[in-house]
Amino acid sequence: MRPLPVWDQTADELDMSAPSPPLPDDSIKRLLPWLVAVAFFMQSLDTTILNTAVPAIARAMDVTPLNVKSVLASYTLSLAVFIPVSGWMADRFGTRRVFVAAIAVFCAGSLLCGLSTSIEMLVACRVLQGAGGAMMMPVGRMTLARTYGKADLVRAMSFVAIPSLIGPMVGPVAGGAIVHWLHWSVVFFVNIPVGLVGLYFVGRYLPDYREQKTHPLDVLGLVLFGGGIALLSYVLEVFGDNTLSGQEVVVLLAVSAAMLGGYGIRAMLTEFPLLNLGLFRIRTFRAAVNGGFFTRLGLGGIPFLFPLLYQIGLGFSPIQSGLLVLPQAIASIGLKSFMPAILARFGYRNVLVFNTIVVGLLIMSFATVGAETPIWRIVLQAFVLGLFTSMQYTSMNTLVYADVSGPQTSGASTIASTGQQLSISFGVAGASLIAAMFVPAEMHSHAGAMIYGVQRAFLILGVMTIASSVVFMELKADDGGDISKHDKSTDPPHEH
C-alpha cells in the first residue's frame, strides 16, 4: 500500500526544519491493522457480550431490565466526554504511549466492573472503562490514516473492521453461555487476556506519531463540552423514570444548552479549541459526521433492544438470544471485502443515500417479529440487516477523511469518534425511553408488554434512520473520489 506522509502540509504550515518521524516499514504496515483491531475487538466484544447479560444483571442488581440502560449508556457517554482529549494526547505524547495507556485503563475498568456489587458501582466503573476506550478507537484510526494513502484507506479500514467484527460474533453467544453456566460478572473479565496481549504488541510495534509542537489543552472547553454532554445524557437517561420533576428537567436542559452554547462560542474565539469545528466547512466531513450521528441514533439502540425482545418477550435463553444476533455479525464480515468495489462503482453519495433508507426499513421490519414469528425469518432479517449496516458504517467512517489534510487528521478523528459515541449513547437512552413509554414499570417482566414496547421502538428508530438520509443528499457525485476511486461518468445524467 502507498504510504501517506505523516504531515501533508504546505511549506507555510510546516516548520521545514523539524524532523519527520520515519515512516513504518512494510512489515509494520502489514501488522498495523491487526494492532488497531485489538482496540476495535475489545470494544465490540465488551458491548455485545454485555447486551446479552442485561436481564441477568437486572435480576442480580434488583432493578428492571430497562434501567440497566445506564450501564450501557454510561460507557458510551464516557467515551464521548473523553475522546476529545485523545487527539491532543496523541499529538503531545505519541500514538504508541497513548494507545498502551488506553488499553491498560480499559482492562483496569473491566476488572472493577466484574467486581461491582451495585448498579451505581457498576456504572462508575463503566465510566472508568470508557475513559480507556475513549483513547483507543480514535488514536487507532488516526494511526491508520497517517500510515496509508487515501486510495488505500477503504481497504485498510475494511480489513481492520473484520477482526473487530469477531467481537459481535463471539460476544452474544459467549455472554449467553457465561450467564447460563457461570456468573454475569465474568463477561467483564474475558477482555483482560486480550488486553494483556495487546499491551505487548502495541507497545512494541505500533508506529509512534506525534507533533513536534503542540498547543495547550483547552481545559475550559473540555469542562464546558464534557459537562454539557454529561448533563444532557443524564436527562435523557432518567426522563420517564419520574426521578426528576418537570421543572428540574427543564433546568438541567437549560444548563446543558448554556454549557454547549458556551463551548460553541469559545470554539470560535480561541485559537486552539478542544474540537476544531472549522472542519465542518469541509462538505464531505460535515456529511459524514452529521449523517453518521443521526443514522447511529437509530442503529445505536438496536443491540439493547434485541436481548429484551428475544429473552423477555419471546422467552429464549441467553444462549439462544446470542445465536439470533450471530447472523448479523457474519453478514457484516462477509461484506467488508466487497466494500472497495461497491464504493468504486456507485460512489459515496449514491451508496449512503440509498443504504440509509434501506437500513431504516430493515429496522422497522423487526416491528413485525412476535411470538408467532418463525426462527428462520428472524435469522434472515438479522443477516440482511448486518449486510447493509456494515456498508453504512464503512462508508461513513472512511468518508470522514476524504478531504482532510495531514495536520487535520487528529482533529477529524476526534470529532468523528466523539459524534459516533454520543449518538450511540443517545440511541440506547432513546430506545429505552421509547420502549418504556409503551411498557409500564410493573409490566417489564411481562412477555406481551415487552414485545409491544420493543416493536414500537423499532418503528420509531427506523423512521429516524430513514430521515437521516437527507443529510447525505448534500454530497456531490464525485465527493470522496480519492478514496472510493469512483468514476462519476458511470452515474446517470441527473447525478452530475
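## A residue in helix α16

Thr389 is found in helix α16, which covers residues 375-399, and this placement, like everything else described here, is read from a predicted model. With a relative accessible area of 7%, Thr389 is buried, because buried means under 20% relative accessible area. A polar atom of the Thr389 side chain lies 2.7 Å from the backbone oxygen of Leu385. When the neighbours within four places in sequence are left aside, Thr389 is in contact with Leu299, Gln328 and Val359.

## The chain as a whole

The chain holds 20 helices and 0 strands, and 57% of its 496 residues count as buried. Among contacts between residues at least 6 apart in sequence, 85% join residues that are at least 24 apart. The chain exposes about 19500 Å², and carbon and sulfur atoms supply 67% of that area.

## Nonpolar cores

In soluble globular proteins, nonpolar side chains tend to be buried together. Which residues have the most contacts inside the largest nonpolar core? They are Tyr310 and Phe458, in a core that has 53 residues. Helix α13, residues 302-313, gives the largest share of this core, with 8 residues.

Phe458 touches Ile302, Leu305, Phe306, Leu309, Ile363, Met364, Phe366 and Ala367, when residues up to four places away in sequence are not counted. Apart from the largest core lies another core, of 40 residues, and its members include Ala145, Val351, Ala412 and Phe426.

## Salt bridges

Side chains of opposite charge can pair when their charged atoms come close. In this model the count comes to 2 salt bridges. One of them joins the side chains of Arg266 and Asp218, at 2.7 Å from N to O. Arg266 lies in helix α11 (residues 246-269) and Asp218 in the loop between α9 (191-205) and α10 (219-238), so the pair ties together parts that are 48 residues apart in sequence. The two partners are covered to unlike degrees: Arg266, at 26% relative accessibility, counts as partly exposed, whereas Asp218, with a relative accessible area of 4%, is buried.

Arg286 forms a salt bridge with Glu474, and the closest N and O atoms of this pair are 2.9 Å apart. Since Arg286 lies in helix α12 (residues 283-299) and Glu474 in the loop between α19 (469-472) and α20 (481-484), the pair ties together parts that are 188 residues apart in sequence. Arg286 is partly exposed, with a relative accessible area of 23%, and Glu474 is partly exposed as well, with a relative accessible area of 31%.

## Helix α17 and its surroundings

Ala416 has its place in helix α17 and is buried, with a relative accessible area of 13%. The C-alpha atom of Ala416 is separated by 9.6 Å from that of Arg286, although the two residues are 130 residues apart along the chain. Leaving aside neighbours within four places in sequence, Ala416 is in contact with Val289 and Val400.

Met437 is also found in helix α17. Is Met437 buried or exposed? Met437 has a relative accessible area of 61% and is therefore exposed, whereas Ala416 in that helix is buried.

## A nonpolar patch on the surface

Met437 belongs to a nonpolar surface patch of about 460 Å², which is made by Met437, Phe438, Tyr452, Ile460 and Met464. The elements that give two or more residues to this patch are α17 (409-438) and α18 (447-467). Helix α18 supplies the largest share of the patch, with 3 residues.

## A loop between α7 and α8

Ser185 lies in the loop between α7 (166-181) and α8 (186-189). Although it is placed in a loop, Ser185 counts as buried, at 10% relative accessibility. The side chain of Ser185 makes a polar contact with the side chain of His183, at 2.9 Å.

Methods: Residues numbered from 1 in each chain as written. Predicted model: local features only at pLDDT ≥ 70, side-chain atom pairs only at ≥ 80, totals over all residues. Heavy atoms only, no water. Patch = residues over 30% accessible without salt bridge, like charges linked within 9 Å, V, L, I, M, F, W, Y side chains within 5 Å. Areas by Shrake-Rupley, 256 points an atom, 1.4 Å probe, with all protein chains shown as cover. Salt bridge = Lys/Arg side-chain N within 4 Å of Asp/Glu carboxyl O. Helix = DSSP H or I, 4+ residues; strand = E, 2+ residues; numbered from the N terminus. Buried < 20%, exposed > 50% of the residue type's maximum accessible area, 1.4 Å probe, protein only. Polar contact = N/O pair within 3.5 Å; in protein donor to acceptor, adjacent residues only side chain to side chain. Core = buried A, V, L, I, M, F, W, Y, C linked by side-chain atoms within 4.5 Å. Contact = heavy atoms within 4.5 Å.
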